[in-house]
Amino acid sequence: MMNGREKSDSAIVAAKPANNDGQPSAELVERRAGAEGNAGWDRTRRAQDRESVSQGLDRVRHVARTRKKERFTALLHHVTPDLLRTSFFALGRRAAPGVDGLTWQAYEADLDRRIEDLHQRIHRGAYRALPARRGFIPKTDGSRRPLAIAALEDKIVQRATAAVLNAVYEENFLGFSYGFRPGRGAHDALDALAVGITRTKVGWILDADIRSFFDTVSQSWLLRFLNHRIATLRAVKAALRRRMHQPIPVQGRWLKQVVGGYAAYHAVPTNTRAVAAFRYHVTDLWRRVLRRRSQRDGSTWTRVAKLAEAFLLKPRILHPWPSVRFAVKHPRWEPSARIGPARFCAGGVQ
């Protein structure tokens with residue numbers, strides 16, 4: 001009879017043939033023992049996380065691709081625990097820690113609890129980024145490039161945020177843009193350059209670089225750029241907090257004006273879902289503000305939904321279809337004219 005240790009040793013020896021058949025020793029392989037614990041389940045869960053994240057962001061990509069002028073009013077709900085966990089596993093295992101000294105391995109040891117806590121802090125507005133730790137990288141000209149080393153949780157949130165923004169803005173980039181885009185890199189740009197040079201007549205090549213771009217880029221202009229397509233609801237949230245202790249009817253009448261004003265501009269044909277999403281998130285913000293008034297407040301979702309039913313405009317289309325409005329604004333429209341050969345000018349259809 002053999003004990004467990006003897007069985008394990010014999011299995012390893014049996015799987016390792018003698019080096020007398022002329023094969024290089026580097027090709028010899030030992031049988032690996034089965035993984036302990038829930039390693040298999042962890043891999044399965046990570047695959048499920050990626051699938052869930054992909055499905056959620058695919059819907060954002062579809063809207064961004066098919067509605068070029070669509071403004072996204074709510075994206076924070078896409079920052080899910082699955083996305084945060086996927087972002088964590090995409091980080092470098094050996095990256096230098098930030099000011100908190102927290103390493104990747106230490107965070108993984110209690111991953112589920114940490115991710116859930118991070119998710120809750122983000123969605124209740126309690127998350128605050130830590131200062132970055134300053135580092136320097138030597139450059140070829142003898143100078144040093146400043147490097148900001150973010151804390152681990154900040155890296156997770158940054159990567160998750162970038163994933164959501166990529167789903168919106170990737171659809172706007174041109175095909176010859178390669179910098180800092182998912183699935184693209186310097187080698188892809190070089191491949192495109194080589195093909196372009198060899199297959200077309202090229203007289204000159206321009207190589208330009210913006211000095212210290214990320215050190216000097218205007219943060220205010222970046223935010224204005226983002227606001228062209230992303231409106232998340234921050235102003236409504238801040239105003240609701242200032243009105244926290246007002247009577248509910250007063251809050252309801254003000255929110256009715258907010259939702260009504262939004263719908264007056266955005267409630268165009270095919271945009272019902274965006275109007276409904278805005279109303280939903282306004283309702284959720286209202287619920288959160290009411291619950292903050294008192295720890296014993298009974299503002300459940302059911303109760304606040306009834307308040308929204310009483311005060312807030314229901315999502316519906318307020319604008320006519322473009323063809324109808326065009327016909328009204330241009331009375332010279334001829335019933336026998338066809339859309340195909342029609343010529344448009346400032347005065348209408350000719």
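Colleague: Which residues form one aromatic cluster with Phe88?

Modeller: Phe89, Trp104 and Tyr107 join Phe88 in that cluster. Keep in mind as we go that this is a predicted model.

Colleague: Thanks! How many helices and strands should I look for in the chain?

Modeller: You will find 14 helices and four strands. The chain has 350 residues, and 26% of them are buried. About 24900 Å² of the chain is exposed, with 55% of that area supplied by carbon and sulfur atoms.

Colleague: Back to the rings, please. What describes a pair of aromatic rings?

Modeller: Two values do the job: how far apart the ring centres are, and the angle between the ring planes. In this model the count of aromatic pairs is seven. One of them joins Phe88 and Tyr107, with 5.5 Å from centre to centre and 35° between the planes, a tilted arrangement. Phe88 belongs to helix H3 (residues 81-89) and Tyr107 to helix H4 (residues 104-108), so this pair ties together parts 19 residues apart in sequence.

Colleague: Are Phe88 and Tyr107 buried or exposed?

Modeller: Both Phe88 and Tyr107 are buried. For another pair, turn to Tyr280 and Trp301: their ring centres are 5.3 Å apart and their planes meet at 50°, so this pair is tilted. Tyr280 sits in helix H12 (residues 272-292) and Trp301 in helix H13 (residues 301-311), which puts the partners 21 residues apart. Tyr280 is partly exposed at 44% relative accessible area, and Trp301 is partly exposed at 35%.

Colleague: What about strands? How do the side chains of a regular strand point?

Modeller: In a regular strand they alternate between the two faces of the sheet. Here, strand S1 (residues 133-138) pairs with strand S2 (residues 144-149) in the antiparallel sense, over six bridges. The two strands make a hairpin with five residues between them, and Gly142 in the turn has a positive phi of about 95°.

Colleague: Which residue in S2 stands opposite Phe136?

Modeller: That is Pro146. Phe136 has another partner to look at: the charged end of Arg144 sits over its ring, 4.2 Å from the centre. You can see a similar arrangement at Tyr178, where the charged end of Arg184 sits over the ring at 4.8 Å from its centre.

Colleague: When can side chains of opposite charge pair?

Modeller: They can do so when their charged atoms come close. The count of salt bridges here is eleven. Arg121 and Asp117 form one of them, at 2.9 Å from N to O. Both lie in helix H5 (residues 111-123), four residues apart, which is about one turn of the helix. Arg121 is buried because its relative accessible area of 17% falls under the 20% cut-off, while Asp117 is partly exposed at 30%.

Colleague: Where else can I find salt bridges?

Modeller: Try Arg113 and Asp110, whose side chains meet at 2.4 Å, N to O. Glu309 and Lys314 also form a salt bridge, at 2.9 Å. Glu309 is partly exposed at 45%, as is Lys314 at 48%. Asp82, Arg85 and Asp112 are linked in a network of salt bridges.

Colleague: Finally, which residues form a nonpolar patch on the surface?

Modeller: Look for Leu190, Leu193, Ile197, Val202 and Ile205, which together have about 440 Å² of accessible area. Ile205 lies in the loop between helix H7 (186-199) and helix H8 (213-216). With a relative accessible area of 54%, Ile205 counts as exposed.

Terms used:
Residues numbered from 1 in each chain as written. Predicted model: local features only at pLDDT ≥ 70, side-chain atom pairs only at ≥ 80, totals over all residues. Heavy atoms only, no water. Buried < 20%, exposed > 50% of the residue type's maximum accessible area, 1.4 Å probe, protein only. Areas by Shrake-Rupley, 256 points an atom, 1.4 Å probe, with all protein chains shown as cover. Patch = residues over 30% accessible without salt bridge, like charges linked within 9 Å, V, L, I, M, F, W, Y side chains within 5 Å. Salt bridge = Lys/Arg side-chain N within 4 Å of Asp/Glu carboxyl O. Phe/Tyr/Trp six-rings, centres within 6.5 Å; stacked < 30°, edge-to-face > 60°. Lys NZ or Arg CZ within 6 Å of the ring centre and 35° of its normal. Pairing = 2+ DSSP bridges.
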